[in-house]
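Visitor: Could you walk me through the charged pairs in this one? I'd like to hear the reasoning behind each label.

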Amino acid sequence: MNKIICIVIALLSIFISVFFGPGCSYAPGKISIDSRSALMQPKFCYHFRPITGRLDIKRIVVSKPQPSSEAKGQWELDSLWWIDSQRVWELEYKASDFLIFYYANCIFGWRPKAPVSCLTYGEVPPGYEEKVKALPLEPEQLYIVKIEEYGSPRDSEDLKFIIRADETGIPERLEYRSPDYIFDYTVIYLRLYNKVFSWN
């Protein structure tokens with residue numbers, strides 16, 4: 001019975017992708033940071049709006065923009081200008097994207113390692129390969145996160161975050177902004193000790 005279901009799903013998938021795929025457009029996915037994250041090791045989750053319906057992650061790239069001389073030391077979440085960027089972490093799901101292999105696995109009872117919807121910075125879950133090894137995150141540095149969805153042409157909107165330090169240079173909180181919050185200038189932040197998820 002399971003084999004018949006797999007075959008039917010495979011045929012429907014091929015039919016939909018051939019006849020309806022070229023005309024479809026996809027709204028971008030949304031990235032958030034889990035409120036239980038460690039400050040220096042954030043956990044990124046990928047979902048559709050509203051914050052329901054988790055989406056599987058195929059690839060994640062975290063980049064560190066290189067500021068121009070004027071912007072040096074003045075990063076804010078609404079910063080738009082930089083001269084270049086450095087990838088500080090890149091992770092990709094390595095199981096086959098081809099439907100025929102996926103459904104062959106299903107028919108013969110194999111269980112491929114499934115993609116996940118949340119990834120913790122620097123950790124490599126089964127089925128993923130680290131293309132760029134995670135570099136330590138730096139306080140007061142702007143970072144940009146981009147995610148590609150598994151099995152879909154949908155990409156995420158960018159998420160920007162900065163780990164803020166106190167007067168003594170000790171990391172104190174993580175501030176981040178996704179595109180939903182650009183126009184009302186709301187900054188979401190996570191504190192190190194009480195792990196409170198709050199709005200500034």
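Guide: Here come the salt bridges, with the reasons for what we call them. Keep in mind that this is a predicted model, where local features need pLDDT of at least 70, side-chain atom pairs count only at pLDDT 80 or more, and totals for chains, interfaces and linings use all residues. Residues are numbered from 1 along each chain as its sequence is written, and side-chain values use heavy atoms, leaving out hydrogens and water.

Visitor: Why is the contact of Arg-59 and Glu-148 called a salt bridge?

Guide: The N to O distance is 2.6 Å, and a salt bridge asks for a side-chain nitrogen of Lys or Arg within 4 Å of a carboxyl oxygen of Asp or Glu, so the pair qualifies. By that rule the count comes to 10 salt bridges.

Visitor: Why is Arg-59 called buried?

Guide: Its relative accessible area is 17%, and buried means under 20% (exposed is over 50%, partly exposed in between; 1.4 Å probe, protein chains only), so the label fits Arg-59. Glu-148, at 24%, is partly exposed.

Visitor: What makes Glu-140 and Arg-164 a link between separate parts?

Guide: Their side chains meet in a salt bridge at 2.8 Å, N to O. Glu-140 lies in the loop between β7 (128-132) and β8, while Arg-164 is in strand β9 (residues 159-165), so the pair ties together parts 24 residues apart in sequence. (Strands are DSSP runs of E, at least two residues, numbered from the N terminus.)

Visitor: Which residues join Glu-140 and Arg-164 in one network?

Guide: Glu-172, Arg-173 and Glu-175, through salt bridges that share partners.

Definitions and conventions
Helix = DSSP H or I, 4+ residues; strand = E, 2+ residues; numbered from the N terminus.
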